[in-house]
Amino acid sequence: MAPAEETGAGTLAELAEAMDQGAVKALVVLGANPVYEAPGALDFAARMARVPLKIHAGLYYDETGAHADWHLPAAHPLESWGDIRSLDGTVGLIQPTVAPLYNGRTPSEMLAFLAGGEGGESGQDALDLLKAGARSAGEDDAAFEARFTQALRLGFWAGSARPAETVALTQAAAPAVAPSPASAGEVEVLFRPDPTIWDGTHADLAWLQELPKPLTKVVWENVVAVSPRLAERAGIATGDILRVEAGGRAVEGPAWILPGQADDTVTLTLGYGRDVPDHLARGLGYDSAPLRPAGSTWRLVGARLTKTGRVRKPVTTQHLGTMEGQDLVRVQALGAAPAGDPKGAPTPASFYPPPESQDRWVAAQWGMAIDLDACIGCNACVTACQAENNIPVVGREEVALGRWMGWLRVDRYYAGGLDAPTTHFQPVPCMHCEQAPCELGCPVEATLHDSEGLNLQVYNRCVGTRTCQSYCPYKVRRFNYRDYTGGTTPVEQQQRNPEVTVRSRGVMEKCTYCIQRITAARITSAKDAHAPIPDGSVETACQGACPTRAITFGNVADPGSQVSAARRDSREYALLGHLNTRPRTTYLAGLAPAADPNGREG
């Protein structure tokens, strides 16, 4: 805590200086980890040691908790009461969605206790403190409870928005910083949050550690991103261990040649290099914090980049960034002719025999359309699919062996020059082919079609020959090489979806179009309305998580459905359509300005 005569907020550098001078007698850290996250120039851990009383409260016993005298377990936001103020001043209510698991305490409860005020003396919980702060002076209990109940229904306090203020436009507070000319042998270092675990806050979440990073597709570690030109001049190859040094401090990590990276710069990401016992993230990657300067925490000029002579290839789920002459991702100019085959063209002859009878397909026919012009490669669909369908985490070593279990992947391709390429993203789930090669290859008919066009996987019939995996041209089928789901704790089992089978060792699995959601909608329609499933009532997990609504799902046999409308778009095409597998998942080509010469692949 700052001295009593100080008021207002200060900077982290000012706090470090006050600790160094012995002016801080008690330090309380709520939900932060400055020992790990603070710039290395501040030497926060050494200065924190000079504080007589150090209290840390957080979800995890992290680096700051290890250096504190007391660590208090904090409650997760999903099990907490609280409030929050939006940009227009409206006060929203935070309500718990699950019962507390580990008897943690919310920040309001901890502050009330430490302050020794009313909350600390009476032992009020977070709900009591929330009500006490919202109650008007002289308001009777009945009136307040009625007003509070109404606020819970709305999710916010009605009438709490602040009046709008008229402000004059001013010049930007911080002008853009121009790149500094680097001296011979020096580079500029950029510090960025990691795309999956951010600044390390989520470093202990295995889902995010195994989530491929959008541009590199690397998992379970971070890399040193270098530009193609810099790599060519310095003789750097992907996997070379590089040493980045400045001000007597250094960081070492594996190189990754990243198209589009600015010349004479390297990018270091945050969140890795953790060193707390019994943590999932311990020993993964490098810690970039030691190089971060106190005054400019996102940029460092004048660093030295050298090769150590050691090599360690990063683990990645995609090894090629080009389409190798194929038109996997199609791009067409605005107003130009369709990128794919023209509508109404004759269907080419098939390598596979046709279905026995199309007449039996009288129920809904499920299909999906993915708009590549809307996809931004955020990977939200991948994590949503993993959560919905109980997809296991396999670990770094298993991913290195090609055993990643994700039912949905997002491929990344580059088009154009390496200095300023166009980046394309393509989500690839199971295609649910009408003429599926995998079904022909399975010796026990563990994979087969149902009457609604779904390519199903019968787990207790599968004997693990993996023939279907080798027959699949889209490489979207996964095999359980190990018992990835066994031996989990009761708390871990609670996060599983009870509507989805937990698979065992030795069986294949893949995308099911979230068949459990289709079944639930069918039961509701049959029981409540005795009618077909309405369009839009089934939403797959990936579709619901997509922030740009790039994924459309529904009944392709209904000409009025949203997915049918998408499939009538002139941009619609099938991935590897020349194989004539007739996939139920199709794509809408991306769009480019008419003056852009970028074609199907660029």
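These exercises work through a predicted model.

**Exercise 1. Overall make-up**

Task: State how many helices and strands the protein has, and what share of its residues count as buried.

Solution.
- Step 1. The secondary structure comes to 18 helices and 23 strands.
- Step 2. The protein has 602 residues, and 45% of them count as buried.
- Step 3. Turn to the surface. About 30,400 Å² is exposed, with carbon and sulfur atoms supplying 55% of it.
- Step 4. Turn to the contacts. Among those with a separation of 6 or more, 69% come from residues 24 or more positions apart.

**Exercise 2. The hairpin of S4 and S5**

Task: Find which way strands S4 and S5 run, and how many bridges join them.

Solution.
- Step 1. Locate the strands. S4 covers residues 82–85 and S5 covers residues 91–94.
- Step 2. The two run antiparallel and are joined by four bridges.
- Step 3. Take one pair: Arg 85 has Val 91 in S5 as its bridge partner.
- Step 4. Look at the turn. Five residues sit between the strands, and Gly 89 takes a positive phi near 95°.

**Exercise 3. Strand S20 and its partner**

Task: Decide whether strand S20 is largely enclosed or open, using the burial of its residues.

Solution.
- Step 1. S20 spans residues 551–555, and five of the five are buried.
- Step 2. A residue counts as buried under 20% relative accessible area.
- Step 3. S20 is therefore largely enclosed by the rest of the structure.
- Step 4. Now the pairing. S13 (residues 366–371) pairs with S20 in the antiparallel sense over five bridges.
- Step 5. Within this pairing, Gly 367 stands opposite Gly 554 of S20.

**Exercise 4. Two glutamines in loops**

Task: Say where Gln 365 lies and which residues Gln 365 is in contact with. Then do the same for Gln 261, giving its loop and what it touches.

Solution.
- Step 1. Gln 365 is in the loop between strand S12 (331–333) and S13.
- Step 2. Gln 365 counts as buried, at 5% relative accessibility.
- Step 3. A polar atom of the Gln 365 side chain lies 2.9 Å from the backbone oxygen of Ser 451.
- Step 4. Leaving aside neighbours within four places in sequence, Gln 365 contacts residues including Ser 451, Glu 452, Gly 554, Asn 555 and Arg 584.
- Step 5. Gln 261 is in the loop between strand S9 (249–257) and strand S10 (265–269).
- Step 6. Gln 261 is buried, at a relative accessible area of 10%.
- Step 7. The Gln 261 side chain makes a polar contact of 2.9 Å with the side chain of Thr 267.
- Step 8. Not counting residues up to four places away in sequence, Gln 261 touches Ala 225, Val 226, Ser 227, Val 266 and Thr 267.

**Exercise 5. Helix H11**

Task: Determine how many residues of helix H11 are buried.

Solution.
- Step 1. H11 runs over residues 380–388.
- Step 2. Seven of its nine residues are buried, so the helix is mostly covered.
- Step 3. Name some of the buried residues: among them are Cys 381, Val 382, Cys 385 and Glu 388.
- Step 4. Just after H11, Asn 390 takes a positive phi of about 55°.

**Exercise 6. Salt bridges across the chain**

Task: For three of the 30 salt bridges, give the N to O distance and place the partners.

Solution.
- Step 1. Recall the principle. Side chains of opposite charge can pair when their charged atoms come close.
- Step 2. Glu 17 pairs with Arg 47, with the closest N and O atoms 3.9 Å apart. Glu 17 is in helix H1 (residues 12–20) and Arg 47 in helix H3 (residues 44–48), 30 residues apart.
- Step 3. Check cover. Glu 17 is partly exposed at 36%, whereas Arg 47 is buried at 18%.
- Step 4. Glu 188 pairs with Arg 299 at 2.4 Å between the closest N and O atoms. Glu 188 lies in strand S6 and Arg 299 in strand S11, so the pair ties together parts 111 residues apart in sequence. Both residues are buried.
- Step 5. Glu 434 and Arg 584 meet at 2.8 Å, N to O. Each sits in a loop, and 150 residues separate them.
- Step 6. Glu 434 counts as partly exposed at 23%, but Arg 584 is buried at 2%.

**Exercise 7. A nonpolar surface patch**

Task: Identify which residues form a nonpolar patch with Leu 59.

Solution.
- Step 1. The patch consists of Leu 59, Tyr 60 and Leu 205, with about 250 Å² of accessible area together.
- Step 2. Leu 59 is found in the loop between strand S2 (53–58) and helix H4 (63–67).
- Step 3. Leu 59 is partly exposed, at a relative accessible area of 44%.

Terms used: Residues are numbered from 1 along each chain as its sequence is written. This is a predicted model: local features need pLDDT of at least 70, side-chain atom pairs count only at pLDDT 80 or more; totals for chains, interfaces and linings use all residues. Side-chain values use heavy atoms; hydrogens and water are left out. Patches are made of residues with over 30% relative accessible area and no salt bridge: like charges are joined within 9 Å, nonpolar side chains (Val, Leu, Ile, Met, Phe, Trp, Tyr) within 5 Å. Accessible areas come from the Shrake-Rupley method with a 1.4 Å probe; for residues, only the protein chains shown count as cover. A salt bridge is a side-chain nitrogen of Lys or Arg within 4 Å of a carboxyl oxygen of Asp or Glu. Buried means under 20% relative accessible area, exposed over 50%, partly exposed in between (1.4 Å probe, protein chains only). Two strands pair if DSSP finds at least two bridges between them. A polar contact is a pair of N or O atoms within 3.5 Å; within protein, one must be able to donate a hydrogen and the other to accept it, and residues adjacent in sequence count only if both atoms are side-chain atoms. Contact means heavy atoms within 4.5 Å.
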